[in-house]
Amino acid sequence: MAEETSSASSPLLLHEVLEEEFTALHGELPPDYPRSAEAQTQLKAFCDAVHGLKEKRAALCISGGGIRSATFGLGVLQGLARCGLLGKFHYLSTVSGGGYIGSWSSAWIKNHPQGVDGVAEELKRRPDSTLEPEPRPIRHLREFSNYLTPRAGLTSVDFWTLIATFIRNMFLNWLVLISWMAAAMMIPRLYLAAIMISPNWDLATDQTKTIQLKEW
């Protein structure tokens with residue numbers, strides 16, 4: 001699709017990317033799909049083609065916010081699974097901490113023998129016992145949720161790497177802030193030095209008289 005409108009060396013336009021995605025997911029575009037050189041016209045036609053599908057499309061979007069958003073996202077996935085809605089989504093969009101739980105769920109779905117249906121069954125399952133309260137992927141997620149220092153302790157390389165990174169970043173921030181503060185503190189001193197400079201008018205008068213006598 002994109003080869004018809006763009007050369008191999010030029011970047012694809014937005015509607016060309018969407019058309020290729022549509023073709024990969026749903027097959028060929030509708031027979032009456034228009035061909036226009038205007039991007040806005042093509043985008044409108046593409047939206048009409050998507051809304052014209054028999055099965056409506058839905059997307060699950062998980063926002064960012066660090067490990068808290070990942071924890072919240074896990075609860076959302078469990079709630080959707082228990083309501084029988086997890087398998088109804090066709091797209092997954094994540095950012096920041098949401099990407100942490102999104103990539104985890106995508107990997108689990110890909111590796112599970114039954115795909116998204118099997119993952120949904122395990123997510124909505126209530127704990128059977130106190131010894132095995134959750135499925136193994138969820139236990140693994142909770143055990144390694146501290147992704148900044150997966151292995152804590154004074155003898156852990158992750159711990160000392162975090163400390164070194166913190167000190168380095170703090171030093172760089174202080175270097176910038178202290179430089180600006182020093183420059184700001186110099187302004188009053190320069191101002192006082194400028195207004196306290198008094199010209200030596202007597203010396204200037206003597207020099208003027210000497211010049212006049214020499215000319216005379």
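Two strands count as paired if DSSP finds at least two bridges between them. Keep that in mind for the second stop of this tour through a predicted model, in which local features need pLDDT of at least 70, side-chain atom pairs count only at pLDDT 80 or more, and totals for chains, interfaces and linings use all residues. Residues are numbered from 1 along each chain as its sequence is written, and side-chain values use heavy atoms, with hydrogens and water left out.

**The whole chain**

Start with a cartoon view. The protein chain has nine helices and two strands; these are DSSP runs numbered from the N terminus, with helices (H or I) of at least four residues and strands (E) of at least two. Their order from the N terminus is α-α-α-β-α-β-α-α-α-α-α. Of the 216 residues, 20% count as buried, where buried means under 20% relative accessible area, exposed over 50% and partly exposed in between, for a 1.4 Å probe and protein chains only.

**The two strands**

Select E1, residues 59-62, and show its side chains. Leu60 and Ile62 point to one face and are buried, while Ala59 and Cys61 point to the other face and are not. Now add E2, residues 91-94. E1 and E2 run parallel and are joined by four bridges. Which residue of E2 is the bridge partner of alanine 59? Click on tyrosine 91 to see that partner.

Next, follow the chain into the loop between E2 and H5, where you will find serine 96. Its phi is near 55 degrees, a positive value in a residue other than glycine. Serine 96 counts as exposed, at 57% relative accessibility.

**The largest pocket**

Stay in this region and show the surface. The largest pocket holds about 270 Å³ of space. A pocket here is an open set of points on a 1 Å grid over the protein atoms alone, where a 1.4 Å probe fits, with protein on both sides within 12 Å along at least five of seven lines; lining residues have an atom within 4 Å of a point. The volume is the space filled by probe spheres set on the points.

Of the 14 lining residues, select the closest to the pocket centre: Leu86, Phe89, Leu92, Ile109 and Val116. Strand E2, helix H5 (97-111) and helix H6 (115-124) each give two or more residues to the lining. By class, ten lining residues are nonpolar, four are polar and none is charged.

While you are at H6, select alanine 120 in that helix. Alanine 120 is buried, with a relative accessible area of 14%. Its C-alpha lies 9.8 Å from that of glycine 79, although the two residues are 41 apart in sequence.

**Helix H2**

Move to H2, residues 14-26. Are His15, Glu16, Glu19 and Phe22 buried or exposed? These are the buried residues of H2. They cover an arc of only 120 degrees around the axis, so they sit on the same side of H2; the arc is taken from the directions from the helix axis to the C-beta atoms. The face turned away from the buried side carries the exposed residues Leu14 and Ala24. Just after H2 comes glycine 27, with a positive phi near 90 degrees.

**Helix H8**

Finish at H8, residues 157-195, and pick tryptophan 160. Tryptophan 160 is partly exposed, with a relative accessible area of 47%. Measure across to threonine 149, eleven residues away along the chain: the C-alpha atoms are separated by 9.0 Å.

How values were computed. Ala, Val, Leu, Ile, Met, Phe, Trp, Tyr, Cys and Pro count as nonpolar, Asp, Glu, Lys and Arg as charged, and the others, Gly among them, as polar. The expected span of a helix is 1.5 Å times one less than its number of residues.
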